[in-house]
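Here are some exercises to work through with the model open beside you. Try each task before reading its solution.

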Amino acid sequence: MNEKNIFRYERKFIIGANLIENIEDLESYLSIHLNEAFDQRGINSIYYDTPNYKFANETAEGSLNRQKVRIRFYGDLDKFIFPQLEIKSKIGLVGTKEVIKLQKDELYENNFLLRNLHKLNIKNREASCLITAIEPKVIVTYKRKYFISSCKKYRFTLDSNIGFKLFDRNYPNQSLNYDLIYPYNKKILELKYDVNDEVLVNRIIKNLPFRLTSFSKYLTALRYIGLSNYIL
């Protein structure tokens, strides 16, 4: 089953580990009222790339048109339940995401190589062409809180307890646990909204005392783990 979102903006802010603990803290900086959209949950992503790290280099260079391929699953890292393939496409400042449900057993049987999976109908043409070349590189794990504006147009996520780990497809069970995690001691606040709802954004976030950034969890993971020499 494939799902595809409409294009949207994603604005990211790096904040200190002890800032913004709850919805009241975030609301104190904003001009809108928020509600909790979901309970906090764990998120885990296995990022894929080519041998020469095409996706990482496109992100580092700020390419206007680029892709990101990952397997995402929720809950505890060592449980690995209900994995799904996510292909994110960025065109300028906006992006969209294609989601494909995967079978856990089939991933294990094929050493987490996507090219061996059956019925992997990828709509993203460039990602589909690269599927035979990409392989898992790193895991990013974190806790996420979800907030949404009362008008339902602006969604905030707050990521904490962020950690990075090398993924070895030959030893997936050793990779899918909390051993040898590299911790990241900051939080990431992200604002997401559809392209038609940009007009009020600057007014909403004008009092946020945090720096707008192009932060990439994947690039940061490569640097923490010691793979940044592959980034041109």
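Where is L64 found? Keep in mind while you look that this is a predicted model.

**Exercise 1. Place L64 and describe its surroundings.**

Solution.
- Step 1: Begin with the location. The loop between α2 and β4 holds L64.
- Step 2: Turn to accessibility. The relative accessibility of L64 is 59%. Exposed means over 50%, so L64 counts as exposed.
- Step 3: Look for contacts, setting aside neighbours within four places in sequence. L64 then touches K90, I91 and G92.
- Step 4: Check a distance. I43 is 21 residues from L64 along the chain, and their C-alpha atoms are separated by 27 Å.

**Exercise 2. Work out how helices α2 and α7 meet.**

Solution.
- Step 1: Find the two helices. α2 covers residues 54-61 and α7 covers residues 217-225; their axes come within 10 Å and cross at roughly 110°.
- Step 2: Classify the angle. Angles of 65 to 115 degrees count as roughly perpendicular, so α2 is roughly perpendicular to α7.
- Step 3: List the residues that make the contact. From α2 they are A56, T59 and A60, and from α7 they are Y218, L219 and L222.
- Step 4: Sort them by class. The contact of α2 with α7 has five nonpolar residues, one polar residue and no charged residues.

**Exercise 3. Decide which residues of these two helices are buried, and what they pack against.**

Solution.
- Step 1: Start with α2. Its buried residues are F55, A56, N57, E58 and T59.
- Step 2: Find their partners. The buried residues of α2 pack against β3 (34-49), β4 (65-74), α4 (125-130) and α7.
- Step 3: Move to α7. Seven of the nine residues of α7 are buried, leaving this helix mostly covered. They are K217, Y218, L219, T220, A221, L222 and I225.
- Step 4: Find the partners here too. The buried residues of α7 pack against β3, α2, β7 (135-149), β8 (155-166) and β9 (182-184).
- Step 5: Look just past the helix ends. G62 follows α2 and has a positive phi, near 70°. G226, just after α7, has a positive phi of about 100°.

**Exercise 4. Trace the strand pairing around β5 and β6.**

Solution.
- Step 1: Pair β4 with β5. They are antiparallel, over eight bridges, and V69 stands opposite I87 in β5.
- Step 2: Pair β5 with β6 (residues 94-101). This pairing is also antiparallel and has eight bridges. K88 has K97 in β6 as its bridge partner, while K90 has G95 in β6.
- Step 3: Inspect the connection. β5 and β6 form a hairpin with two residues between them, and G92 in the turn has a positive phi of about 65°.
- Step 4: Add β2 (residues 8-16). Two bridges join β2 to β6, and these strands run antiparallel. The partner of R8 in β6 is G95.
- Step 5: Judge how covered the strands are. In β5 (residues 84-91), six of the eight residues are buried, so this strand is largely enclosed by the rest of the structure. In β6, seven of the eight residues are buried, so β6 is largely enclosed by the rest of the structure as well.

**Exercise 5. Examine two residues other than glycine that have a positive phi.**

Solution.
- Step 1: Take I20. Its phi is near 55°, a positive value in a residue other than glycine. I20 lies in the loop between β2 and α1 (23-27).
- Step 2: Take F80. It is not a glycine, yet its phi is positive, at about 50°. F80 lies in the loop between β4 and β5.
- Step 3: Are they buried or exposed? Buried means under 20% relative accessible area. I20 has a relative accessibility of 3% and counts as buried. F80 has a relative accessible area of 1% and is buried.

**Exercise 6. Check the cysteines C129 and C151, and look for disulfides.**

Solution.
- Step 1: Search the whole structure. How many disulfides are found? The search finds zero.
- Step 2: Look at accessibility. C129 is exposed, with a relative accessible area of 59%. C151 counts as partly exposed, at 41% relative accessibility.

Terms used
Residues numbered from 1 in each chain as written. Predicted model: local features only at pLDDT ≥ 70, side-chain atom pairs only at ≥ 80, totals over all residues. Heavy atoms only, no water. Axes fitted to C-alpha atoms, helices over the stretch in contact; angles between N-to-C directions. Helix = DSSP H or I, 4+ residues; strand = E, 2+ residues; numbered from the N terminus. Parallel < 35°, antiparallel > 145°, perpendicular 65-115°, else oblique. Contact = heavy atoms within 4.5 Å. Nonpolar A, V, L, I, M, F, W, Y, C, P; charged D, E, K, R; others polar. Buried < 20%, exposed > 50% of the residue type's maximum accessible area, 1.4 Å probe, protein only. Pairing = 2+ DSSP bridges. Disulfide = S-S within 2.5 Å.
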